[in-house]
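Visitor: Got a minute to walk me through this one?
Guide: Sure, let's have a look.

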Protein chains: 2
Amino acid sequence: MVADARVTEELKAAILRGEFAPRQRLVEIELCEQFDASRFAVRAALQALEADGLVERQRNRGARIREIGIDEAVEITQVREVVEGLIARRAAERVDDAEAEALAEIGRAMHAAVAAGEVGEYSDLNARLHALLRDIARHDKANGIIAHLHGQMVRHQFALSRVPGRSKVSVHQHQAIIDAVIARDADAAEAAMRAHIVSVIEALRAIV
Amino acid sequence: MVADARVTEELKAAILRGEFAPRQRLVEIELCEQFDASRFAVRAALQALEADGLVERQRNRGARIREIGIDEAVEITQVREVVEGLIARRAAERVDDAEAEALAEIGRAMHAAVAAGEVGEYSDLNARLHALLRDIARHDKANGIIAHLHGQMVRHQFALSRVPGRSKVSVHQHQAIIDAVIARDADAAEAAMRAHIVSVIEALRAIV
DNA sequence: GGTACCTGTATTGTCAACAATATTGTCGAT
DNA sequence: ATCGACAATATTGTTGACAATACAGGTACC
């Protein structure tokens with residue numbers, strides 16, 4: 001696994017960037033040319049991404065980009081709800097003063113971004129907040145599962161960030177999470193995170 | 001993926017049965033003989049089981065059985081706590097009368113098994129209860145994650161079932177879960193499941 | 001005109017040989 | 001006797017060719 005790893009990474013990045021349409025066929029030879037790799041490496045990459053849930057394969061019929069419908073996106077987000085709840089709880093238990101200040105800073109930047117109407121900036125801050133909480137929680141298993149689920153959600157995540165007015169609602173939820181973690185209140189942190197993601201689920205359902 | 005799938009399945013079953021010791025090296029040629037397959041198929045199986053978290057591989061150094069220490073087992077069980085909590089909640093929301101009766105039946109059998117001191121029988125009933133709850137919940141993503149985590153826990157699970165007196169404690173927790181689901185009380189079902197698994201975590205920590 | 005079959009092509013599945021790399025054992029020098 | 005360099009061996013990584021399979025298009029028959 002050496003060339004394999006490179007191809008796996010590049011192919012995954014390309015999928016996450018949205019370069020392939022859902023249900024699009026992934027022909028091995030075409031991928032060989034695109035990534036300048038052998039069929040062996042491409043095959044290994046496809047197998048890895050199948051385990052990742054990004055690609056589906058049928059015997060003798062090849063691989064295609066897995067389509068994730070709204071129902072599955074909701075299920076994924078429901079799991080995310082409880083696992084990110086665990087992460088928020090752990091973060092509240094383990095946060096140190098420097099990390100608390102970093103959280104507060106993200107909170108202030110979020111308010112500023114919403115006030116200025118910068119949705120792209122707000123979206124970045126959102127990702128940074130969740131990533132920082134994962135860093136603070138230092139829970140490898142939970143973090144791994146979130147990464148796994150996140151990979152399958154990129155398309156819907158993008159759609160979500162385009163919903164007008166969502167940032168105005170979610171900024172308060174994010175602030176509640178930040179406040180609870182800084183206050184070292186584990187129960188409140190978990191509850192705030194779950195409330196936040198429940199509202200994400202509602203927004204998801206509303207898209208259709 | 002045809003011979004591959006067979007080898008993957010058999011190898012996984014062998015690992016779960018405990019036929020390989022933790023950190024034991026898995027030499028490809030030996031596995032070829034053992035499962036009467038080509039190196040190609042063995043390789044694919046090893047890659048699949050790496051993604052499954054049962055095997056770890058290093059470049060040019062081959063594969064070994066992944067050792068799961070007590071700390072990791074605790075983390076796994078913490079994730080299980082919240083995801084099985086979600087499953088219990090969903091089960092309470094979706095259970096029908098026939099399923100409720102099946103749950104009640106398992107509860108009665110559990111009490112009987114504890115009274116008779118049949119630990120093996122109780123352990124089976126425990127597995128059946130959790131499986132039935134997953135059936136009722138019909139939450140593919142959550143069920144998939146539980147299956148994934150369970151595969152990594154078999155060794156510790158076995159150690160847990162040997163702790164004397166555990167069934168006497170857990171039978172009441174199980175009954176609380178059953179009662180809450182039958183009463184269609186989602187909050188109580190989630191809380192009961194989480195309380196149950198918290199006690200599993202404590203028992204895990206106590207083993208060392 | 002429609003349906004079933006057959007053939008050609010595109011694509012994936014499998015294999016055995018070869019190359020690259022790590023590990024182990026041996027030898028000599030200090 | 002211990003350490004380091006070096007050679008031998010074991011094991012994995014990679015490649016290209018070949019076999020098996022599914023799909024599309026055309027043809028004959030009803």
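Visitor: Where does Q78(B) sit?
Guide: In helix α4 of chain B, which covers residues 70-94; helices here are DSSP runs of H or I with at least four residues, numbered from the N terminus. Bear in mind that this is a predicted model: local features need pLDDT of at least 70, side-chain atom pairs count only at pLDDT 80 or more, and totals for chains, interfaces and linings use all residues. Residues are numbered from 1 along each chain as its sequence is written, chains are lettered from A in the order in which they are written, and side-chain values use heavy atoms, without hydrogens and water.

Visitor: Is Q78(B) buried or exposed?
Guide: Buried, at 13% relative accessible area (the cut-off is under 20%, with a 1.4 Å probe and protein chains only).

Visitor: And which residues is Q78(B) in contact with?
Guide: Leaving aside neighbours within four places in sequence, Q78(B) contacts L86(A), R90(A) and H139(A), plus I201(B) and R205(B). Contact means heavy atoms within 4.5 Å.

Visitor: OK, the interface. How many residues of chain B are in contact with chain A?
Guide: 31 from chain B, against 31 from chain A.

Visitor: Any salt bridges there, and how many?
Guide: The rule finds six across the interface, counting a Lys or Arg side-chain nitrogen within 4 Å of an Asp or Glu carboxyl oxygen. E72(A) pairs with K141(B), with the closest N and O atoms 2.7 Å apart.

Visitor: Which helices of chain B supply that side?
Guide: α3 (39-52), α4, α7 (140-161) and α9 (186-207) each supply at least two residues of the side touching chain A. The largest share, 10 residues, comes from α4(B).

Note on methods. Buried means under 20% relative accessible area, exposed over 50%, partly exposed in between (1.4 Å probe, protein chains only).
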